[in-house]
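Me: Please take a close look at one buried position in this model and the contacts around it. Then set that part against the wider packing, sheets and aromatic pairs of the chain.

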Amino acid sequence: MRGMSERRGRREARVAAAVAAAVLAALAGAIAVPRLLSGGPSRPPLDTRARVPPRVAVIKTAGNLGAMVKGFGDVWLDDRTDSRLLRVRSPDGRVLARVPVHGRLALAAGAGGVWALQSNGSPRSFGSYLPGPLLHVDPRTNRVRARIPLRTRGDDLLGLGVYVHGGRVWVWGPRDVLRVDPRRDRVVQRISVPDLHGDIAGLAVRGRRLVAALADGTYLWMNARTGRPLWAVRTPLPDPVVRAQIGTRLVVSSAGVLAELEPATGRVLWARRLGFRAGAVARAYGLLWVHSAAFHEPGDRLSGLDPATGQVVTTSILPAFGMTGVVAIGRRLLAASAGGELLVITPLML
């Protein structure tokens, strides 16, 4: 009988201890839950306006990066520190080729090559203009196939950008548009634009028509074969930079605003202010991805916009300042910074 009483006493003691532990746990939970819900000092408030990506691969590629372009399965970057055109593989950031250049570059890809319009490192100051020559880089060998001077009828011209559409290559400068034959590697046409609306700020091709975006927001339509002016329309967006083409529409940036418009009529379909600067645009996952900068933010911003409405679908702060470009390759976005960093971003993580 004594043994049975002792066993019963030990069992009752274990039950009492378990009940006491459960009560203590319940009390601890009751204390912790209000603290968690109240957002005490141990948990900082969430920024609902933007979310920092939990994983962004940052690759130090060069001392200073400028223009970038997607072409032939890789990304091509202007390494301004070492005067090289870099061919970089995604997503590991491995440098596949270093092509010697002179000065800063404007870049385009297509028509059988990568086209680099260079400043030539000239001691003369040309401001934002690029005197050339235009380099035709063969992507099969990663070598410069031709150096094309911006010269026609004995005149040396200045360029601002290079544009490729289908099999045609164009260089545009403050007052002129040059068509380059990619097979013969020479300038075959010069179109002069009257100085009525300021410098040429961008270029687009619509079938047999050439569209020049001018500094005061005017879009001048010309016959692409003859250069004859056809008509012009005015928009309220000064200094437009053509960032993308969607059907008959253009996506342009202007003083921190990204907008979509019909260049044939000048009608602005939507406009979205993103900060004091809106940069390059890449199309991926059905969105327009644009990098921008705003005052009092801890880094540049990457946003995904609905191309139909301009609504911001997703936005995030990047761990870098001074972004110089963004491209989409495969399932990733690659963004370059003036500090020489290449950011490899997975959009679904934003």
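Reply: Leaving aside residues up to four places away in sequence, Leu86 touches Thr61, Ala62, Val75, Trp76, Leu77, Asp79, Val95, Ala97 and Arg98. The model in which these contacts are found is a predicted one. Leu86 belongs to strand β4, which covers residues 84-88. Its relative accessibility is 2%, and Leu86 therefore counts as buried, the limit being under 20%. Leu96 lies 10 residues from Leu86 in sequence, and the C-alpha atoms of the two are 7.5 Å apart in space.

The setting of this position is a protein chain with one helix and 30 strands. Of its 350 residues, 47% count as buried. Among contacts in the protein chain with a separation of 6 or more, 41% are between residues 24 or more positions apart.

The nonpolar cores come next. The largest nonpolar core has 27 residues, and those that touch the most other members are Trp170, Val177, Leu203, Leu210 and Tyr219. At least two residues of this core are supplied by each of β13 (168-172), β16 (200-206), β17, β18, β21 (249-254) and β22 (257-262). Strand β17 gives the largest share, five residues. Tyr219, one of the core residues named above, has contacts that include Val211, Ala212 and Ala213, as well as Trp231, Ala232, Val233 and Thr235, with neighbours within four places in sequence left aside. Further contacts of Tyr219 include Pro240, Leu250, Val252, Leu261 and Pro263. A second core, separate from this one, comprises 17 residues, among them Ala108, Trp115, Leu157 and Val180.

Trp231, a contact of Tyr219, also takes part in an aromatic pair. The count of aromatic pairs comes to two. In one of them, Trp221 and Trp231 are stacked, with 4.8 Å from centre to centre and 15° between the planes. The two residues are 10 residues apart, Trp221 in strand β18 and Trp231 in strand β19 (residues 229-234), and the pair links distant parts of the chain. The partners have separate burial classes: Trp221 is buried at a relative accessible area of 5%, whereas Trp231 is partly exposed at 31% relative accessibility.

The loop between β17 (209-214) and β18 (218-223) holds Asp216. The side chain of Asp216 makes a polar contact of 2.9 Å with the side chain of His197. Beyond residues up to four places away in sequence, Asp216 touches His197, Arg234, Thr235 and Pro238. Thr235 also appears among the contacts of Tyr219.

An open sheet completes the picture. Its four strands follow the order β1-β30-β29-β28, with antiparallel pairing. The edge positions are taken by β1 (56-60) and β28 (323-329); each has a single partner strand, so one side of each has no neighbour in the sheet. On average, neighbouring strands of this sheet are turned by 20° against each other, direction ignored. Within the sheet, β29 (residues 332-337) and β30 (residues 341-345) run antiparallel and are joined by four bridges. Ala335 has Leu343 in β30 as its bridge partner.

Terms used. Residues are numbered from 1 along each chain as its sequence is written. This is a predicted model: local features need pLDDT of at least 70, side-chain atom pairs count only at pLDDT 80 or more; totals for chains, interfaces and linings use all residues. Side-chain values use heavy atoms; hydrogens and water are left out. A polar contact is a pair of N or O atoms within 3.5 Å; within protein, one must be able to donate a hydrogen and the other to accept it, and residues adjacent in sequence count only if both atoms are side-chain atoms. Contact means heavy atoms within 4.5 Å. Two strands pair if DSSP finds at least two bridges between them. Axes are lines fitted to C-alpha atoms, for helices over the stretch in contact, and angles run from 0 to 180 degrees between N-to-C directions. Rings of Phe, Tyr and Trp (its six-membered ring) pair if their centres lie within 6.5 Å; planes under 30 degrees apart count as stacked, over 60 as edge-to-face and the rest as tilted. Buried means under 20% relative accessible area, exposed over 50%, partly exposed in between (1.4 Å probe, protein chains only). A nonpolar core is a set of buried Ala, Val, Leu, Ile, Met, Phe, Trp, Tyr and Cys residues joined through side-chain atoms within 4.5 Å.
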